[in-house]
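Hello,

Here is the structure I promised to pass on to you. Please open it alongside this message and follow along as you read.

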2 protein chains.
Amino acid sequence: MPLFTVSQLARRTGITVRTLHHYEAEGLLLPAGRSDAGYRLYGREELARLQHIVSLKALGFPLAEIRACLDADAPSLADALVRQVDRLRQGIVRQQNLLSRLERVARLVADGEAIDAETLLSSIEATTLMEKYFTPEQMQTIRDHGAALGAERIRAVEEEWPGVIAGMQAAMALGKDPASEEVQALARRWRALVRAFTGGDAGIQRSMGTMYRENADEMRAKTGIDPALMEYACSAIASLPKD
Amino acid sequence: MPLFTVSQLARRTGITVRTLHHYEAEGLLLPAGRSDAGYRLYGREELARLQHIVSLKALGFPLAEIRACLDADAPSLADALVRQVDRLRQGIVRQQNLLSRLERVARLVADGEAIDAETLLSSIEATTLMEKYFTPEQMQTIRDHGAALGAERIRAVEEEWPGVIAGMQAAMALGKDPASEEVQALARRWRALVRAFTGGDAGIQRSMGTMYRENADEMRAKTGIDPALMEYACSAIASLPKD
DNA sequence: TCTTGACTCTCACGTAACGTGAGGCCGCAC
DNA sequence: GTGCGGCCTCACGTTACGTGAGAGTCAAGA
């Protein structure tokens with residue numbers, strides 16, 4: 001009956017000595033005995049058990065579950081297999097969602113040549129926030145629409161916003177009538193800008209409204225639009241003749 | 001200039017108070033100051049930084065990298081994006097390999113009704129070992145071939161092995177000539193069993209030979225074939241007329 | 001004014017699966 | 001006897017916090 005020392009057993013199964021120590025501490029694999037000097041000694045039975053452990057570990061099982069399986073019997077192993085498949089599937093789905101988000105961000109860098117950190121972080125935050133309020137289908141619609149518009153038109157739209165916001169802000173501060181011709185002109189430009197983004201999709205526009213209302217602080221900080229201005233602009237747009 | 005306490009900041013960004021403590025300990029986000037009672041106080045700047053942190057964390061970045069990005073500048077962020085995409089991709093590939101292995105094992109359970117733990121673990125070990133010696137294409141060939149054979153034929157083959165091995169072992173022990181008629185009959189059955197597995201593929205047969213040689217101990221334990229018997233059987237098969 | 005409840009503080013251990021020394025004993029060969 | 005390799009037992013480090021424990025702080029109601 002052959003007995004192995006730690007390193008012999010480790011070589012035979014392709015794991016480290018430290019791992020064997022760890023398994024003993026966890027009660028996962030106890031040596032058959034000790035030599036006079038206190039060296040761990042393992043027999044055939046322990047070798048077999050270790051091979052089982054290594055196999056299950058190679059399938060990604062946590063040690064606690066491995067111990068449960070080996071100390072119990074077959075049905076628990078079958079259950080564990082199902083659980084592990086589920087765990088893995090969920091993990092993969094999460095990772096893939098993450099990856100697609102990341103790749104979208106990475107494309108910003110690739111497209112936008114030398115984008116600065118502030119802008120990039122803002123974009124990331126914008127998309128993160130948007131993913132909380134838009135369904136995946138809506139996100140896809142928005143992206144498709146953006147692609148159709150082209151990078152140049154998008155930049156043009158983004159550059160027009162500050163002027164329109166400032167104009168509307170000034171009009172509100174001066175107490176001008178939302179139905180007045182001057183404010184109506186601003187409202188038309190505002191509506192056009194919103195439509196450039198929503199593509200005319202009513203669902204997207206509603207979700208955008210929700211997003212604005214629930215993140216008033218952040219929106220004010222990033223766009224300069226506070227709830228009062230938003231209401232003023234909306235009332236001005238409501239007074240526009242149906243296009 | 002508004003100041004926030006921990007819980008106010010936490011609510012605003014959807015993270016926990018403990019996490020803020022942690023970020024301070026890590027030097028990732030320091031409060032703007034403390035109140036007389038020692039309460040942490042954060043300002044607008046800290047809120048913005050925390051939003052950046054949360055965004056990057058949502059993309060799966062490790063905290064150390066987030067700190068590096070925020071304390072450095074844009075190029076480091078762009079690099080980090082690339083690194084993170086790589087990391088994720090590799091992780092997904094690993095997980096998917098794991099999943100496919102696991103699903104193969106799970107199918108054993110599904111097919112074999114009430115399989116016992118010992119048998120299942122043996123199967124797992126066998127496939128784990130095989131994946132070390134066969135290329136993915138070879139594994140696929142083996143699986144295809146197995147499917148073509150059908151579960152019943154496979155079981156028949158598995159049941160025939162022990163008798164053939166025992167017979168060959170006995171013949172060797174009695175010192176019979178590998179070229180004798182009796183041993184030649186055993187050799188024909190042996191060769192047929194091997195071909196049932198390899199499907200006649202020379203590459204697979206070579207890989208199997210390597211696997212046997214490099215795992216003589218384990219093979220002896222599982223199949224009862226030791227190197228001497230293997231050599232004897234091979235010489236007997238070599239004496240067979242080319243079919 | 002006292003008390004209650006919500007909030008905050010600082011330790012400090014727990015998590016998964018080991019890696020990586022530190023300091024010291026054991027065994028065999030020269 | 002003296003190397004050198006193998007073995008032993010602590011015990012801390014890793015990741016990103018969770019979860020109390022024990023104690024001080026703040027605003028409000030009885």
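Below is what I found in it, going from the pairing of the chains to the DNA and then to the helices.

Please keep in mind that this is a predicted model.

**How the two chains pair**

Chain A and chain B each bring 36 residues to their contact. On the chain A side, the elements that supply at least two residues each are α3 (44–58), α5 (74–111) and α6 (117–133). The biggest contribution there is from α5(A), with 21 residues. Sorted by class, this side of chain A holds 21 nonpolar, nine polar and six charged residues.

How are the two copies related? A turn of 180° with a shift of 0.0 Å along the axis lays chain A on chain B, at an RMSD of 0.1 Å. The relation is thus that of a two-fold rotation axis. If you want to find that axis on your screen, look for A:I92, the residue of chain A closest to it, with its C-alpha at 3.1 Å. The copies meet through the same surface, because 100% of the interface residues of chain A are also interface residues in chain B.

**Around the DNA**

Let's take DNA strand D to begin with. It has 19 residues around it, and those that come nearest are A:T5, A:S7, A:R40, B:A37 and B:P62. Two or more residues of this surface come from each of α1 (6–13) and α2 (17–25) in chain A, and from each of α2 (17–25) and α4 (63–71) in chain B. The largest share belongs to α2(B), with three residues. By class, the surface near DNA strand D has seven nonpolar, eight polar and four charged residues.

Now for DNA strand C, which is surrounded by 18 residues. Closest to this strand are A:A37, A:P62, A:L63, B:S7 and B:R40. Here α2 and α4 (63–71) of chain A, along with α1 (6–13) and α2 of chain B, give two or more residues to the surface. The largest share near DNA strand C is the three residues of α2(A). This surface splits into seven nonpolar, seven polar and four charged residues.

**Two helix packings to look at**

In chain A, α1(A) packs against α3(A) at an angle of about 45°, and their axes are 11 Å apart. The two helices are therefore oblique to each other, and the crossing is right-handed. From α1(A), residues A:L9, A:R12 and A:T13 meet A:L47, A:L50, A:Q51 and A:V54 of α3(A). That contact is made up of four nonpolar, two polar and one charged residues.

In chain B, have a look at α3(B), residues 44–58, where its axis comes within 10 Å of that of α4(B) and crosses at roughly 135°. That angle makes α3(B) oblique to α4(B). The crossing of α3(B) past α4(B) is right-handed. Which residues of α3(B) and α4(B) meet? On the α3(B) side they are B:R49, B:H52, B:I53, B:L56 and B:K57, and on the α4(B) side B:I66, B:C69 and B:L70. Five nonpolar, one polar and two charged residues make up this contact.

Enjoy exploring, and do write back with any questions.

Best wishes

Notes
Residues are numbered from 1 along each chain as its sequence is written. Chains are lettered from A and ligands numbered from 1 in the order in which they are written. This is a predicted model: local features need pLDDT of at least 70, side-chain atom pairs count only at pLDDT 80 or more; totals for chains, interfaces and linings use all residues. A residue is near a molecule or strand if its C-beta atom, placed from the backbone, lies within 6 Å of it. Helices (H or I, at least four residues) and strands (E, at least two) are DSSP runs, numbered from the N terminus. Ala, Val, Leu, Ile, Met, Phe, Trp, Tyr, Cys and Pro count as nonpolar, Asp, Glu, Lys and Arg as charged, and the others, Gly among them, as polar. Two residues are in contact if their C-beta atoms, placed from the backbone, lie within 7 Å. Copies are superposed by least squares on the C-alpha atoms of residues with pLDDT of at least 70 in both. Axes are lines fitted to C-alpha atoms, for helices over the stretch in contact, and angles run from 0 to 180 degrees between N-to-C directions. Angles under 35 degrees count as roughly parallel, over 145 as roughly antiparallel, 65 to 115 as roughly perpendicular and the rest as oblique. A crossing is left-handed if the near helix is turned anticlockwise from the far one by less than a right angle, and right-handed if clockwise.
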